[in-house]
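User: Please take a close look at one strand of this model and the sheet around it. Then put that part in context with helix packing, a loop residue and the chain contact.

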Amino acid sequence: MLNYDIVVIGGGPAGLAAAVSAKRNGAESILVLERDKELGGILNQCIHNGFGLHTFQEELTGPEYAGRFIGQLQEEQIAYKLNTMVMDIGANKVVTAMNREEGMFEIQAKAIILAMGCRERSRGALNIPGYRPAGIYSAGTAQRLVNMEGYMPGREVVILGSGDIGLIMARRMTLEGAKVKVVAELLPYSGGLKRNIVQCLDDFGIPLKLSHTVVDIDGKERVEGITIAQVGPDRRPIPGTEEHYACDTLLLSCGLIPENELSRSLGVEMSPVTSGPLVNECLETNVEGVFACGNVLHVHDLVDFVSEEAASAGRHAAEYILNGARHLASGGRDIPIQAVEGARYTVPRTINPERMDEKHTVRFRVGDVYKNCYVSVYLNNERIIHRKRPVVAPGEMEEVVLKKEQLAGFPDLSQITVKIEEA
Amino acid sequence: MEARELICIGCPLGCQLKVGLEDGQVASVSGNTCKRGDAYARKEVTNPTRIVTSSVIVEGGSLAAVSVKTREDIPKGKIFEIMKALKGVKVQAPVHIGDVILGDAAGTGVDIVATKNVEAMP
């Protein structure tokens with residue numbers, strides 16, 4: 001059996017940053033396991049620019065951003081295995097993995113960092129009626145085909161869902177000569193970043209139809225057309241509003257789901273809101289020595305925040321290796337953070353005022369679009385943060401910074417509450 | 001004074017900008033949270049530009065395609081000419097980040113450079 005102090009599951013942006021940070025914080029023996037044939041994860045197919053403004057103070061494309069971290073991994077001489085699929089993680093932290101060269105093998109780890117990322121919601125999960133012809137792709141699959149493998153999935157395209165990948169692909173397909181006829185979004189607002197609406201749809205005159213969904217797919221062998229209809233406040237199609245678009249391709253950009261099969265079988269406690277693990281401020285799950293970061297924990301809007309979060313997970317995993325369970329020894333209590341009234345969840349789920357760093361960034365998403373609202377934080381019943389925001393939207397992650405000294409001022413702290421308050 | 005509302009594309013924050021124009025000249029910019037926003041607003045109302053990204057086929061490499069970008073932003077009206085200039089371009093592996101794939105693309109004076117390393121097939 002192989003032995004490593006830290007095994008990182010996944011070599012995408014989260015896994016790379018976590019491994020590099022663990023090494024720089026004193027962990028010596030680290031192994032990264034990646035199922036694809038190269039490191040970098042989803043960044044390899046995100047060839048558009050806009051990555052890295054926070055991390056590197058310059059605007060990079062996805063492959064360039066990944067390239068920086070792959071460079072750091074190599075500088076730190078961290079071991080990795082490609083084309084390697086992790087099958088199971090045992091409660092004793094034995095990782096079972098397989099690849100073509102070594103077959104099935106086991107690795108005994110002392111700490112594990114979960115960095116498996118997420119996957120796209122599929123047609124099956126969306127329950128779209130109609131035939132099942134060729135020409136229906138998730139936006140990410142189409143992105144990989146166009147950008148990495150050099151294939152065009154189709155010429156006349158309808159896109160369902162206005163998540164960022166769908167918006168980016170609307171532009172990409174247009175640049176490659178396809179006609180993107182419409183982007184339909186079930187909700188009354190886009191799930192993507194505002195900048196992507198501007199530079200991917202508006203720049204090319206592609207219509208975005210909010211409160212619309214696909215109600216029928218025509219074509220037996222190949223997609224021949226799509227029918228969309230307006231939906232009411234109950235999100236059900238309104239009869240009589242149907243519009244038909246002749247097209248050969250339907251792209252789906254309808255949300256991302258953290259990929260947590262391994263976490264679940266390990267007994268990691270999950271959040272029903274994020275579909276990711278519940279973690280404390282060290283990004284440690286309920287299973288001691290098992291940490292989580294990146295999109296497997298909660299779906300992020302910016303890779304820069306993934307890198308930041310993963311670096312924190314890596315540092316805490318290194319501390320766990322070097323100091324033993326510092327968290328157990330440090331005393332203090334895990335104070336739950338409650339997300340209510342507009343705030344859907346927070347990461348972390350709990351914070352320990354004794355153990356925490358001087359400052360801790362709590363990230364969360366809101367459940368609806370709110371204008372001229374306040375992001376508020378309460379310690380017990382006292383409001384300590386009341387920050388005005390012109391607009392918050394579900395597509396963009398929000399954050400609040402908690403300070404250790406502030407929390408220390410509440411010796412009988414039993415609950416932290418994050419909420420959106422309307423003006 | 002004429003006012004135009006824009007959404008900044010400088011970074012994913014997407015600040016809502018207000019640009020005041022007088023006789024076609026930018027008189028004021030508000031709503032931005034950083035210097036980039038100011039610069040973007042001034043450019044967007046006078047000479048809008050974009051970075052163009054795409055990918056081209058690699059021969060003899062460990063991967064089928066290499067991602068590329070215009071090294072700097074180019075006038076928005078030139079986007080499709082750049083794409084046309086890239087049609088059919090093939091490169092030989094190895095390719096490294098920053099390698100020039102196509103010089104002076106579509107007469108913009110801007111080079112197209114690789115944004116990914118693709119090693120030669122062993």
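Analyst: **Strand E21 and its sheet**

E21(A) is largely enclosed by the rest of the structure, because four of its five residues are buried. Buried means that 20 or more other C-beta atoms lie within 10 Å of a residue's own; exposed means 12 or fewer, and partly exposed is in between, with C-beta atoms placed from the backbone. Strands (E, at least two residues) and helices (H or I, at least four) are DSSP runs, numbered from the N terminus.

The model is predicted: local features need pLDDT of at least 70, side-chain atom pairs count only at pLDDT 80 or more, and totals for chains, interfaces and linings use all residues. Residues are numbered from 1 along each chain as its sequence is written, while chains are lettered from A and ligands numbered from 1 in the order in which they are written.

The sheet is open and antiparallel, with three strands of chain A in the order E21-E23-E26. Its edge strands, each pairing on one side only, are E21 (343–347) and E26 (398–403) of chain A. From one strand to the next, the twist averages 30°. Strands count as paired if DSSP finds at least two bridges between them. E21(A) is joined to E23(A) by four bridges in the antiparallel sense, and A:Val347 has A:Arg363 of E23(A) as its bridge partner. E23 (residues 359–366) of chain A also pairs with E26(A), again antiparallel, over six bridges. There, A:His360 is bridged to A:Leu402 of E26(A).

Turning to the helices, two packed helices are described by the angle between their axes and the distance between the axes. Axes are lines fitted to C-alpha atoms, for helices over the stretch in contact, and angles run from 0 to 180 degrees between N-to-C directions. H1 (residues 13–24) and H9 (residues 303–323) of chain A pack at about 40°, with axes 7 Å apart. H1(A) and H9(A) are therefore oblique to each other; under 35 degrees counts as roughly parallel, over 145 as roughly antiparallel, 65 to 115 as roughly perpendicular and the rest as oblique. The crossing of H1(A) with H9(A) is right-handed, the near helix being turned clockwise from the far one by less than a right angle (anticlockwise is left-handed). The contact includes A:Ala17 and A:Ser21 of H1(A) and A:Ala310 and A:Gly314 of H9(A). Contact requires C-beta atoms, placed from the backbone, within 7 Å. By class, this contact of H1(A) with H9(A) has 14 nonpolar, three polar and one charged residues. Nonpolar covers Ala, Val, Leu, Ile, Met, Phe, Trp, Tyr, Cys and Pro, charged covers Asp, Glu, Lys and Arg, and the others, Gly among them, are polar.

A:Ser29 lies in the loop between H1 and E2 (30–33) of chain A. A:Ser29 counts as partly exposed because it has 16 C-beta neighbours inside 10 Å. Beyond its neighbours within four places in sequence, A:Ser29 touches A:Tyr4 and A:Asp5.

Between the chains, 22 residues of chain B are in contact with 22 residues of chain A. On the side of chain B that touches chain A, the elements giving two or more residues are E5 (53–59) and E6 (65–70) of chain B. E5(B) supplies the largest share of that side, four residues.

Notes:
Contact = placed C-beta atoms within 7 Å.
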